[in-house]
Amino acid sequence: MSDDSGRGRVAGLPVWDRCAVMGVVNVTPDSFSDGGRWFDTTAAVKHGLDLVAEGADLVDVGGESTRPGATRVDEAEELRRVVPVVRGLASEGVTISVDTMRARVAEQALAAGAALVNDVSGGLADPHMIPMVARTGAPFVVMHWRGFLEGGNVQGHYDDVVTEVVDELHARVEAVLEGGVAADRIVVDPGLGFSKEAGHDLALLARLDRLLGLGHPVLVAASRKRFLGRILAGPEGAPPPARERDAATAAVSALAAYAGAWAVRVHEVRATADAVRVARAVEAARTPGSRTPETGTPETGTPGARAAEARTPGVGAPEAGVPGAGAAQGGTRAEGAR
């Protein structure tokens with residue numbers, strides 16, 4: 001999975017020399033973040049094109065909210081929401097990910113021009129998903145998932161969240177491989193907010209190197225999630241609304257990019273697009289005499305600058321070092337928000 005940046009590449013998708021930016025288009029009336037704003041097909045396509053203009057490398061289109069307590073839409077409605085938007089964006093040359101847990105929705109989205117299947121259940125919600133992905137050869141995101149977030153079914157207890165998430169993801173990846181999906185088309189996602197509390201999310205961000213050790217590119221989807229609201233609010237304050245968490249999201253994007261993430265999934269693209277480019281330039285500057293990806297200027301290095309660690313397939317970048325990764329893990333409901 002190695003490439004020049006050390007963050008991996010995914011067969012069937014473009015290659016970026018930095019962390020890619022995945023913009024979010026929620027074609028839903030009830031997303032926690034922007035539900036209803038892009039529910040109309042024309043508005044959703046325009047929004048996707050706007051995200052690309054702001055710096056998104058690919059666009060993730062979803063027609064079903066996965067926030068806690070959300071009622072699942074039926075398959076026909078999800079198809080009605082998603083496929084026309086995928087078709088419209090594909091006609092404009094946009095690289096598209098389809099965010100769905102249903103094999104039929106994924107298959108029709110791929111036929112309409114999508115290039116990547118992003119399944120928050122990692123193929124567990126629909127037994128037909130893995131065979132379909134294997135048959136079509138589509139790249140596939142395997143997220144850490146412990147079930148639907150309905151009726152309080154959050155299953156958020158961990159003795160060692162990093163070890164348990166890594167082990168469970170490893171087992172899921174093995175099942176996906178056994179199902180016929182090629183290794184070079186698998187992306188892993190720690191599932192921030194899904195059956196996880198704020199301290200769990202921070203611990204996973206602080207140890208992205210452990211996730212990179214699985215040997216597959218890593219997608220980080222932290223955008224506007226509740227753990228960011230908890231950080232911004234402090235111990236006694238009220239979390240700011242989701243749309244006021246974009247600066248915090250960009251900070252996480254920079255940390256994740258520097259740690260070696262393949263892509264970050266965000267609602268507000270412009271700040272994160274800037275953040276990942278800065279992270280890549282700083283990463284390049286760690287090696288004296290290297291050239292920054294944006295300017296091509298040789299860097300002479302500074303006293304005490306760390307030499308770049310040797311990277312081999314399956315070996316990750318340094319820890320992201322998120323402050324507060326050891327924070328108390330209580331006090332917030334698990335959130336798998338899309």
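**Entry 1: two helices**

I started with α5 and α6, which come out as roughly perpendicular to each other. I checked the numbers behind that: the packing angle is about 70° and the axes are 9 Å apart. The call follows because angles of 65 to 115 degrees count as roughly perpendicular. For the record, this is a predicted model, and α6 covers residues 198–206.

Which residues of α5 meet α6? I found Val-161, Val-162 and Val-165 on the α5 side. Their partners in α6 are His-200, Ala-203 and Leu-204.

**Entry 2: the cores**

Next I looked up the nonpolar cores. The largest has 72 residues, and Val-61, Val-117 and Val-220 touch the most other members. Helix α5, residues 161–178, gives the most to this core, with seven residues. Apart from it I noted another core of 12 residues, including Trp-16, Val-141, Trp-262 and Ala-263.

I then listed what Val-220 touches, skipping residues up to four places away in sequence. Leu-192, Leu-205 and Leu-208 are on the list, and so are Ala-256, Ala-261, Ala-263, Val-264 and Arg-265. So I have Ala-263 down twice: as a contact of Val-220, and as a member of the 12-residue core.

**Entry 3: Arg-245**

Is Arg-245 buried or exposed? I had to look this one up: Arg-245 is buried, because its relative accessible area is 9% and the cut-off for buried is under 20%. I placed Arg-245 in the loop between α8 (226–233) and α9 (246–259). A polar atom of the Arg-245 side chain lies 2.7 Å from the backbone oxygen of Arg-224.

**Entry 4: helix α3**

I went through α3, residues 103–112, for buried positions. Four alanines turned up, Ala-103, Ala-106, Ala-109 and Ala-112, along with Val-105 and Leu-110. What do the buried residues of α3 pack against? I got two helices, α2 (75–90) and α4 (129–136), plus the strands β3 (96–99) and β4 (116–119). Just after α3 I flagged Gly-113, which takes a positive phi of about 125°.

**Entry 5: whole chain**

Last, I pulled the totals. The chain has 10 helices and eight strands. Of its 338 residues, 54% are buried. I also looked at contacts between residues at least 6 apart in sequence: 69% of them join residues at least 24 apart. The accessible surface comes to about 13000 Å², and carbon and sulfur atoms hold 52% of that.

How values were computed:
Residues numbered from 1 in each chain as written. Predicted model: local features only at pLDDT ≥ 70, side-chain atom pairs only at ≥ 80, totals over all residues. Heavy atoms only, no water. Buried < 20%, exposed > 50% of the residue type's maximum accessible area, 1.4 Å probe, protein only. Contact = heavy atoms within 4.5 Å. Areas by Shrake-Rupley, 256 points an atom, 1.4 Å probe, with all protein chains shown as cover. Core = buried A, V, L, I, M, F, W, Y, C linked by side-chain atoms within 4.5 Å. Polar contact = N/O pair within 3.5 Å; in protein donor to acceptor, adjacent residues only side chain to side chain. Axes fitted to C-alpha atoms, helices over the stretch in contact; angles between N-to-C directions. Parallel < 35°, antiparallel > 145°, perpendicular 65-115°, else oblique.
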